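Hello,

Here is the structure I promised to pass on to you. Please open it alongside this email and follow the residues as you read.

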Amino acid sequence: MESVQTLDHSKTVKRIFNNVPHPATQVLDLEEILAEDGLPNDQIICEHLRQEGRITARACIHILNTVKDILKSEPNVLRIPAPVVIVGDIHGQYYDLMKVFHVGGDPHSTQYLFLGDFVDRGYFSLECVLYIWALKIRFPKSIWLLRGNHECRHLTEYFTYKTEVEFKCNPEVYNACMESFDALPLAAIMNEQFFCVHGGISPELLLIEDIDKIDRFQEPDESGPMCDLLWSDPHENFDGDTGLSNFMHNETRGCSYVYTHKAVCEFLNRNKLLSVIRAHEAQDVGYRMYKSNPETGFPSVITIFSAPNYLDVYNNKHCFQHRLPNFLDVFSWSLPFIGEKTTEMLESIMSVCSTEELDNHDSEVDDLMDKMRAAIDNVKEKRRSYSDLADINRRALRLAGAMNPTGDNAEAEEMGEVHTFDEVRKIDKKNESWPTNKDVGKARRFRRRQTLDNIES
């Protein structure tokens with residue numbers, strides 16, 4: 001008989017990669033993140049968050065409320081001198097944000113303008129907000145922030161940000177975030193030449209002065225000029241012939257408009273501006289320059305996108321995935337797979353009697369047989385539920401960030417064959433639209449399903 005191999009217990013307790021540092025275990029409170037001058041110590045905050053450390057709810061709310069007060073004092077349209085580094089969508093990719101500062105310049109000595117979409121879909125959105133907001137407190141005249149379409153209650157509940165903040169902190173911090181987002185300015189004029197905005201222009205906003213008349217301190221609606229600034233896009237045939245049209249309904253977004261080259265040139269010429277610089281759309285090479293304005297010879301629209309390898313599947317640049325979907329820990333993520341195998345084994349054990357044997361009537365064991373049938377049926381139902389959920393989790397892992405919050409594209413088997421930017425963008429298209437209230441509720445139920453609430457309840 002072969003000898004049984006002795007288990008090396010050290011392999012189960014020692015780390016495989018000792019050069020990877022442990023996440024920070026200390027939770028920093030307000031006093032520990034403030035410098036002697038009473039302002040946030042951005043370097044301590046940056047490094048602590050880089051090590052995946054947490055900050056207390058008290059400290060988070062202090063940062064959020066302080067920035068809210070600063071933003072309230074700013075106009076709807078900022079006036080920013082050059083030079084300035086302009087940053088597009090971040091979407092919770094904190095480690096890529098660090099690369100932005102490394103390449104763009106130290107925020108202590110470099111001016112930055114962020115075009116919005118700090119949050120959602122990436123798993124370090126709160127870290128992005130806290131660090132950028134801390135910089136805003138320390139450098140209020142060189143760190144400038146605009147609102148994106150994701151800085152709202154509707155989308156952060158539909159996507160990942162609300163779940164993330166409540167997982168890492170609590171609902172009070174989330175509410176403070178939303179109040180801070182409500183105070184974000186809507187646009188900026190850079191160097192008196194460039195109109196900077198998250199989405200684009202609006203048929204209701206002919207002059208820059210019209211933007212200053214908007215009451216921005218509220219949740220954005222799904223229509224109107226504020227919605228257009230956050231949601232509109234260049235026409236898909238912007239560089240081609242779109243006839244005499246200026247604006248058309250935005251089918252992809254389900255709200256707002258697409259604007260044509262003609263509409264942009266009229267807006268720029270009317271306001272004596274050179275170009276529109278916006279974000280809002282993923283770009284294969286990180287940016288896109290559109291057809292030039294014939295009066296200036298300069299690109300009429302420039303789109304920039306600052307989230308490399310967006311959602312871990314776009315492959316627009318290299319990145320790493322750091323979290324399982326919806327902030328599930330490894331144990332919770334594994335439960336459906338364990339449950340599937342356990343119930344399968346239990347069903348096999350309980351099925352020692354055939355259906356014919358169970359159908360044989362015996363007055364002494366009828367009650368026992370009824371209980372046995374009910375127990376087997378219950379185990380079968382549980383196994384089906386676990387199997388369905390395990391299958392969804394497998395697909396969610398493959399789809400990564402392109403997984404629809406409602407689970408509607410979980411059947412997208414072609415994701416395993418997707419290799420190009422355009423193919424991923426096609427699968428992710430539904431996630432670019434304004435979610436209906438029904439979709440938000442469906443997403444909430446889908447997250448509960450992933451955490452086994454509907455199986456165990």
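A good place to begin is Phe195, whose bridge partner in β12 is Val276. Please keep in mind that this is a predicted model. The two strands to look at here are β8 (residues 194-197) and β12 (residues 275-278), which pair in the parallel sense over 3 bridges.

Now zoom out to the sheet. It is an open sheet of 6 strands with mixed pairing, in the order β3-β7-β8-β12-β14-β13. Its edge strands, β3 (77-80) and β13 (287-289), each pair on one side only. On average, neighbouring strands in this sheet are turned by 20° against each other, direction ignored.

Next, find Ile189 in strand β7 (residues 187-190). Is Ile189 buried or exposed? Its relative accessible area is 7%, and because the cut-off for buried is under 20%, Ile189 counts as buried. Leaving aside neighbours within four places in sequence, Ile189 is in contact with several residues, among them Val77, Ile80, Phe195 and Leu273. Ile189 and Pro81 are 108 residues apart in sequence, yet their C-alpha atoms are 8.4 Å apart in space.

Finally, turn to a pair of helices. Helix α3 (residues 42-50) packs with helix α5 (residues 94-104) at an angle of about 140°, and their axes are 10 Å apart. That angle makes α3 oblique to α5. The crossing of α3 past α5 is left-handed. Here Ile45, Cys46, Leu49 and Arg50 of α3 meet Tyr94, Tyr95 and Met98 of α5. Sorted by class, this contact has 6 nonpolar, no polar and 1 charged residues.

Enjoy exploring!

Definitions and conventions: Residues numbered from 1 in each chain as written. Predicted model: local features only at pLDDT ≥ 70, side-chain atom pairs only at ≥ 80, totals over all residues. Heavy atoms only, no water. Helix = DSSP H or I, 4+ residues; strand = E, 2+ residues; numbered from the N terminus. Buried < 20%, exposed > 50% of the residue type's maximum accessible area, 1.4 Å probe, protein only. Contact = heavy atoms within 4.5 Å. Axes fitted to C-alpha atoms, helices over the stretch in contact; angles between N-to-C directions. Parallel < 35°, antiparallel > 145°, perpendicular 65-115°, else oblique. Left-handed = near helix turned anticlockwise from the far one by under 90°. Nonpolar A, V, L, I, M, F, W, Y, C, P; charged D, E, K, R; others polar. Pairing = 2+ DSSP bridges.
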